[in-house]
Amino acid sequence: MTFSNTIVSVKWLYNNLENKNLIVLDGTINKVFDTQLPQIPKARFFDIKQKFSDTSGAFPSTFPSQEQFQAEAQNLGIHNHSIIVVYDDKGIYSSARVWWLFKAFGFNNIAVLDGGFPEWLKHNLPTEPMVVYHGEKGNFTATLQPEYMMFFNDVKIASLQKTHTIVDARSSARFNGEVPEPRAGLRSGTIPNSINLPFTNLLNNGLFKPKKEVEDIFSKTINKTPNEPIIFSCGSGITACVLALGAEMSGYNNIAVYDGSWTEWGTLTTKTMDAPSTWTKEELLAYILIYVANSDLKESWKEHDYILNRVDEKVYKRMHQQFETDNDYQSIQNIVEAVKTHDYFKNDLTDLFADIKLMAFADGDLHPMEEAIYNQLRKILREA
């Protein structure tokens, strides 16, 4: 038996539970083994965090080595001829990560349970207490497919050179920096030249929307032919795989997942403010406003307050520190480079010009130097 679809229904799984080659995996992330917890009959716990991630990595759920993945898959009794269905307890969430990991190691006969465990329970299908797998060891052989996973330097090049469409699966509020990141200490922002498609847009009550609807969502959001390269990102490389699942369903065949996603990008680029190509739009706005405020050689308290009303205080401090190390020529070059990194449209520039002008008038007086800088920035930004 081989899967023709990337997802299967709970009805299909129930009808095929007795297939001797079928292996059901519980890919619920952050789950702790507990015999009091129910599971789908014969399910085996796929421990993403402890068994199928590089726990020595600096970031969560780091992509494991080929040797680690092969050994742990064999420990779960997985064979090269196995048929795998994976589910999680949220509907469709971390199960997509399990699906993608197997594909990244050369195994394709795997599908995700549509709706996951909640859908199974909704249909009053049987369960059993969670059990540890003690069966035979499998003969699974992992073969790394390097094009399936992207890492920091890969994404940095893709962002700078625009070789790939980078699609972020986080919520629009997180993507736009309207709410803080859930990971403590992680700054808000976006990868330059990325676009947003929240993974939840593909789902309806934990189930994938009809295939045609998913195809339409991708077509309207990405507007690319099926063979053009796409990189999916998210917070930590989990829900990016939901987009990868939907993209494969929709016929896209040149897709990759950014393993570290925003957790890695936001952490590593915090320390590289001297590289404007890595700045987020909020960081660029902060730098421009700081530049305008200091054009008359002093930053008033009213100007200071206006900037803090527009950007996060941590962003302000980070960019102010960078501004203090730059001379006037470097500041202009930084602004030009950062603007070119992002695709600004007419409305975006209008809003940016309005911010610059309000900044210049923040202390109630437009200094001649501020007016000159404002006009200079308008010219520079339009040309960039």
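In which sense do strand 8 and strand 14 pair, and over how many bridges? The two strands run parallel and are joined over two bridges. The views below show a predicted model.

**View 1. Strand 8 beside strand 14 in an open sheet.** The sheet holds five strands in the order 8-14-13-9-10, with parallel pairing. Strand 8 (149-150) and strand 10 (194-196) each have a single partner strand and stand at the edges, so one side of each lacks a neighbour in the sheet. Strand 14 comprises residues 255-258. Met150 stands opposite Tyr258 of strand 14.

**View 2. Helix 5 across the sheet strands.** Helix 5, residues 152-161, lies across strand 8, strand 9 (165-168), strand 13 (230-233) and strand 14. The helix runs at about 115° to strand 9.

**View 3. The aromatic pair of Phe46 and Phe102.** The structure holds 24 aromatic pairs. In the pair of Phe46 and Phe102, the ring centres are 5.9 Å apart and the planes make an angle of 45°, a tilted arrangement. Phe46 is in the loop between strand 4 (44-45) and helix 2 (66-75), and Phe102 is in helix 3 (residues 95-104), so the pair ties together parts 56 residues apart in sequence. Phe46 is buried, at 0% relative accessibility.

**View 4. The aromatic pair of Phe102 and Phe140.** Phe102 is buried at a relative accessible area of 0%. Its ring and that of Phe140 have centres 5.8 Å apart and planes at 75°, so this pair is edge-to-face. Phe140 lies in the loop between strand 7 (128-129) and strand 8, 38 residues from Phe102. Phe140 is also buried, with a relative accessible area of 0%. One aromatic cluster includes Phe46, Phe102, Phe140 and Phe151.

Notes: Residues are numbered from 1 along each chain as its sequence is written. This is a predicted model: local features need pLDDT of at least 70, side-chain atom pairs count only at pLDDT 80 or more; totals for chains, interfaces and linings use all residues. Side-chain values use heavy atoms; hydrogens and water are left out. Two strands pair if DSSP finds at least two bridges between them. Helices (H or I, at least four residues) and strands (E, at least two) are DSSP runs, numbered from the N terminus. Contact means heavy atoms within 4.5 Å. Axes are lines fitted to C-alpha atoms, for helices over the stretch in contact, and angles run from 0 to 180 degrees between N-to-C directions. Rings of Phe, Tyr and Trp (its six-membered ring) pair if their centres lie within 6.5 Å; planes under 30 degrees apart count as stacked, over 60 as edge-to-face and the rest as tilted. Buried means under 20% relative accessible area, exposed over 50%, partly exposed in between (1.4 Å probe, protein chains only).
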